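Here's a quick tour of a two-chain model, going chain by chain and then to the place where the chains meet. Have the viewer open while you read.

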Amino acid sequence: MKPLPPITLSHPLDLISAVFTPWIAAGIALLIGFFASYLTALSWADLTFVLPATAFGNVIVALLSRFWLHESISPTRWAGIALITIGVGFVAQGPSRTETAIEKSLNSHAHPTEASEVHTR
Amino acid sequence: MILAQIASQAEQTSPSALMATAMIAAVVLSSTTGEVLTAAAMKSIGDLDDIRAHSGLKGAIRAVVTCPLFFAGVTFLALAFFALLFALNHLNLSLVAPASASLTLVTNAIAGKIFLKENVDRRRWTAAALVCIGVYLLAH
């Protein structure tokens, strides 16, 4: 990728042409994709489930910089990767959303054996 | 690149510990408020997959952009972004990035329990704490 020239406040229109640079345009498209997926996840799962789970993105970034950009990862950062992975594993074991009182009674009456599986997906 | 450029100006001045705490607190508070409002908006709208199956992608987009709570959430998320830029303008990236990223996870767990009435059990607390330390180590 060819680096962009520095953008200064005296030429703010340079920002607009920067948006149409292929790499930046691709980045913006992916960020829109991220936000749409994030909102969809929030529509059926708890915030306290989605946030730790999406933190796994940090691990992917670190691994991509290690194996694609050939950056070195210090032992401290490997420890961070391990902790995030374990944390995501913890939260993923549990249900993705809090059942309301109504849902709870509906589930226990209708499907007493499946109640625990209804909201894991 | 922009973040690094802004951060490079940080060494010129070093604000007091109190100011640094206030700047990071501003980032964490506005980001938590934004996340909670967005989550509340999405929960009030309902399962987007169902809405899309019923009234198509356009219907799903309309359901989101006609929700006032959603715009309140996005406003606070934008505010958090500018608060982050402001903090980076005065403090080092190696302090701001790990501190704000990891603290936000814990404040969101607390806010999710209080305001969204989510069932934050021991498993979720453990996950939030582990990811919080992990993000701190990774970003530091």
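A word on terms before we start: helices and strands here are DSSP runs, with a helix needing at least four residues and a strand at least two. Keep in mind too that this is a predicted model.

**Annotated spans in chain B**

Let's begin with what the record says. An unreviewed UniProt entry puts the annotation "transmembrane region" on residues 17-42, 63-87 and 93-111 of chain B. For two of these spans, here's how the annotation lines up with the model:

| Span in chain B | Helix | Strand | Distance between end C-alpha atoms |
|---|---|---|---|
| residues 17-42 | 100% | 0% | 37 Å |
| residues 63-87 | 92% | 0% | 35 Å |

So what does the helix that runs over residues 17-45 look like on its own? α2(B) has 29 residues and covers 42 Å from first C-alpha to last, close to the 42 Å you'd expect at 1.5 Å a residue. Right after α2(B) comes B:Gly46, and the phi of B:Gly46 is positive, near 105 degrees.

**Where the two chains meet**

How many residues does each chain bring to the contact? Chain B puts in 34 residues and chain A puts in 28. On the chain B side, four helices each supply at least two residues: α2 (17-45), α3 (48-65), α5 (93-114) and α6 (122-139). The largest share comes from α6(B), with twelve residues. By class, the side of chain B that touches chain A splits into 18 nonpolar, eight polar and eight charged residues.

**Inside chain A**

Now for the partner. Chain A has six helices and zero strands, and read along the sequence the pattern is simply α-α-α-α-α-α. Buried residues account for 21% of the 121 residues in chain A. If you're counting contacts in chain A with a separation of 6 or more, 52% of them link residues 24 or more positions apart.

Chain A is also divided into two domains: domain 1 takes residues 14-44 and domain 2 takes residues 46-121. The contact between them draws four residues from domain 1 and four from domain 2. Which classes of residue sit on the side of domain 1 of chain A that touches domain 2? That side has four nonpolar residues, with no polar and no charged ones.

Methods
Residues numbered from 1 in each chain as written. Chains lettered and ligands numbered in written order. Predicted model: local features only at pLDDT ≥ 70, side-chain atom pairs only at ≥ 80, totals over all residues. UniProt positions renumbered as here; feature names shortened; annotations may be inferred. Contact = placed C-beta atoms within 7 Å. Nonpolar A, V, L, I, M, F, W, Y, C, P; charged D, E, K, R; others polar. Domains from an automatic or database assignment. Buried ≥ 20, exposed ≤ 12 C-beta atoms within 10 Å, placed from the backbone. Expected span 1.5 Å × (residues − 1).
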